[in-house]
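Trainee: I am new to this structure and would like a close look at one part of it. Please take a pair of packed helices, then set that part among the rest.

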Amino acid sequence: MTALAGTGTLTRLALRRDRLTLPLWAVVTGGLVASGPGSLGGLYGTPGARAELAASMTADSSLRSLYGPVFSDSLGGLVAWRFGTFAAVLAAVASLFVVVRHTREEEETGRQELLSAGAVGRRAPLTSALLAALTLNAATALLVVAGLAGQGLAGALALGLAVGGTGMVFATVAALTAQLTESARLAKGLAGGALGLAFALRAAGDSGDASGSSPLTWLSPVGWAENVRAYGGERWWVLLLVAAAVLVQTLLAYGLAARRDVGASFLATRPGPAAGRLATAGALALRLQRGALTGWGLGFLLGGLVLGGMADGAAELVGDNERAREVFRRMGGQDGLTDAFLATLVSLFGMLAGLYAVGAVLRAHGEETSGRAEPLLAASLGRVRWAAGHLVHAYAGSALILALAGLGLALSYGDDLGPLLGAALVRLPAVWTLAGVAVLLWGAAPRAAAAGWGAAGLCLALGWIGPALDLPRAVLDLSPFAHLPTLPGPDPEWTAPVLLTVLAAALTAAGLAALRRRDLQV
């Protein structure tokens, strides 16, 4: 039997299992870029307006750190500047999730051991996971090219390859972290940390150098995608760096996979007795959730510190462009453009906090499906009490990270803490509603619990892309975030937050009641 035996069968299985999520990731990422010509063309419809925007971006180091430098003031160049970096990050996130799901997660649940008992080669599982990621990134790149081909095929092809290539770089990073750890969650965390470091290096490099040639930028795969320079004098040779990184990391992952048993890892875990601080269900939940809470909290604080400093430059960025002002107002702003910009940032933090809340709820679902909850519940510990230990982190933890975001914004913008802290915390009813949806799915339909990610992702897409695409109000209202008062701003209306809080409580109660009545899912 060869080392790759069964690769085709496992690849078909992976694609079948992800037949909904892979197309969704590709459409969201590719659609984000494809929407660029319409939205930016309406906002900056003349060469003069586009040239003015490019000049403003070149002069503003804070905005360069977020979006990168502008290499061309053509419409295609502005699309590559505005959406290219974020599309590359989205492709990277999707890719690392796919690879860990079909490697370490399969081993952690015991399914890989069962499959490996058949005619499956040693390298087949890793190869099939990478092929699934390659399929995702190829589809994403094709959608980018198709969406931008009207702006010039060469630039569209360069941007599509840069986005898809970045996804594959972090797919192979995830292939490495899946060999190092025994936990799928830790493998995702390490790969996500590498992505965060790459974005931070690119941001730091671009902040200090408007040409994109900073050594820090070149240390980052996200910076490589930027330096392909789609629509700005394409640098095709940069794609060789991407290909080399994918090849080297793939070979390293194969080498590590050949030196360990199924289920084993190179980073040893630290087992120990449930004593002292771990003697209660709440303490155990804290130990399981604290890493994610710490990471999200630090990310929100740093994000607030970085983004808050851009508020004063918002008015200069859009100038007298009424359509740009209208987009800010639709995304969450009042007539004051600085307040509109801050409200937009707070709205973004709120939607991201929804992802944290759903993840905290589904961590409890993961404990159940892995079989680790069953020994706990076999004793005198009740299900609601056990679940409550995790739900505290979903609800109180989301409040904490939003408060840290408000603190970071206030410190960097130089405003009083109260208004921005209140603006951040007013997002909580919508965040808790998403958490309530996840609890209800977990309790009533555990096999569909992962749909909680879909609900959070839909809200993020509607809030991030919807206003720029001028979607109908009825569509935007599908997100609970669309019903919250816009702060900072005058005369907020509090009826919707109260109703959403009541809805979140009802969803959570219904989910816990269903959890008490059903059998455990293992």
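**Helices α2 and α6, and their surroundings**

Mentor: In this predicted model, helices α2 and α6 are roughly antiparallel to each other, because the angle between them is about 170° and angles over 145 degrees count as roughly antiparallel. Helix α2 covers residues 21–34 and helix α6 covers residues 75–101. Their axes lie 8 Å apart. Two packed helices are described by these two quantities, the angle between the axes and the distance between the axes.

Which residues make the contact between α2 and α6? On the α2 side they are Leu 22, Trp 25, Thr 29, Leu 32 and Val 33. On the α6 side they are Val 79, Phe 83, Ala 87, Leu 90, Ala 91, Val 93, Ala 94 and Val 98. By class, this contact has 12 nonpolar residues, 1 polar residue and no charged residues. An α-helix has 3.6 residues a turn, so residues three or four places apart point the same way. That spacing can be looked for in the numbering of the contact residues, for example at Leu 22, Trp 25 and Thr 29 of α2.

Now the rest of the protein. The model has 25 helices and 0 strands. Of its 522 residues, 50% are buried. The protein exposes about 22100 Å², and carbon and sulfur atoms supply 65% of that area. Among contacts between residues at least 6 apart in sequence, 76% join residues at least 24 apart.

Helix α22 shows burial in one element. The helix runs over residues 428–444, and 12 of its 17 residues are buried, so α22 is largely enclosed by the rest of the structure. The buried residues of α22 include Leu 428, Pro 429, Ala 430 and Val 431 at the lower numbers, and Trp 442 and Gly 443 at the higher ones. Between these come Thr 433, Leu 434, Ala 435, Gly 436, Ala 438 and Val 439, also buried. As for length, 17 residues at 1.5 Å a residue should span 24 Å, and the end C-alpha atoms of α22 are 24 Å apart, which agrees.

Helix α22 also leads to Gly 354, a residue of helix α18 (residues 337–369). Gly 354 touches Val 431, Leu 434 and Ala 456, leaving aside residues up to four places away in sequence. Val 431 and Leu 434 are among the buried residues of α22. The C-alpha atoms of Gly 354 and Leu 428 are separated by 8.7 Å, although the two residues are 74 apart along the chain. Gly 354 has a relative accessible area of 0% and is therefore buried.

Another glycine, Gly 193, sits in helix α11 (residues 184–208). Gly 193 has a relative accessible area of 42%, so this residue is partly exposed. Its C-alpha atom is separated by 9.0 Å from that of Gly 295, which is 102 residues away along the chain.

Last, the loop between α13 (221–227) and α14 (238–257) holds Arg 229, and Tyr 231 also lies in that loop. Arg 229 has a phi near 60°, a positive value in a residue other than glycine. Tyr 231 is not a glycine either, and its phi is also positive, about 65°. Arg 229 counts as buried because its relative accessibility is 15%, and Tyr 231 counts as buried at 12%.

Key:
Residues numbered from 1 in each chain as written. Predicted model: local features only at pLDDT ≥ 70, side-chain atom pairs only at ≥ 80, totals over all residues. Heavy atoms only, no water. Helix = DSSP H or I, 4+ residues; strand = E, 2+ residues; numbered from the N terminus. Buried < 20%, exposed > 50% of the residue type's maximum accessible area, 1.4 Å probe, protein only. Contact = heavy atoms within 4.5 Å. Axes fitted to C-alpha atoms, helices over the stretch in contact; angles between N-to-C directions. Parallel < 35°, antiparallel > 145°, perpendicular 65-115°, else oblique. Nonpolar A, V, L, I, M, F, W, Y, C, P; charged D, E, K, R; others polar. Areas by Shrake-Rupley, 256 points an atom, 1.4 Å probe, with all protein chains shown as cover. Expected span 1.5 Å × (residues − 1).
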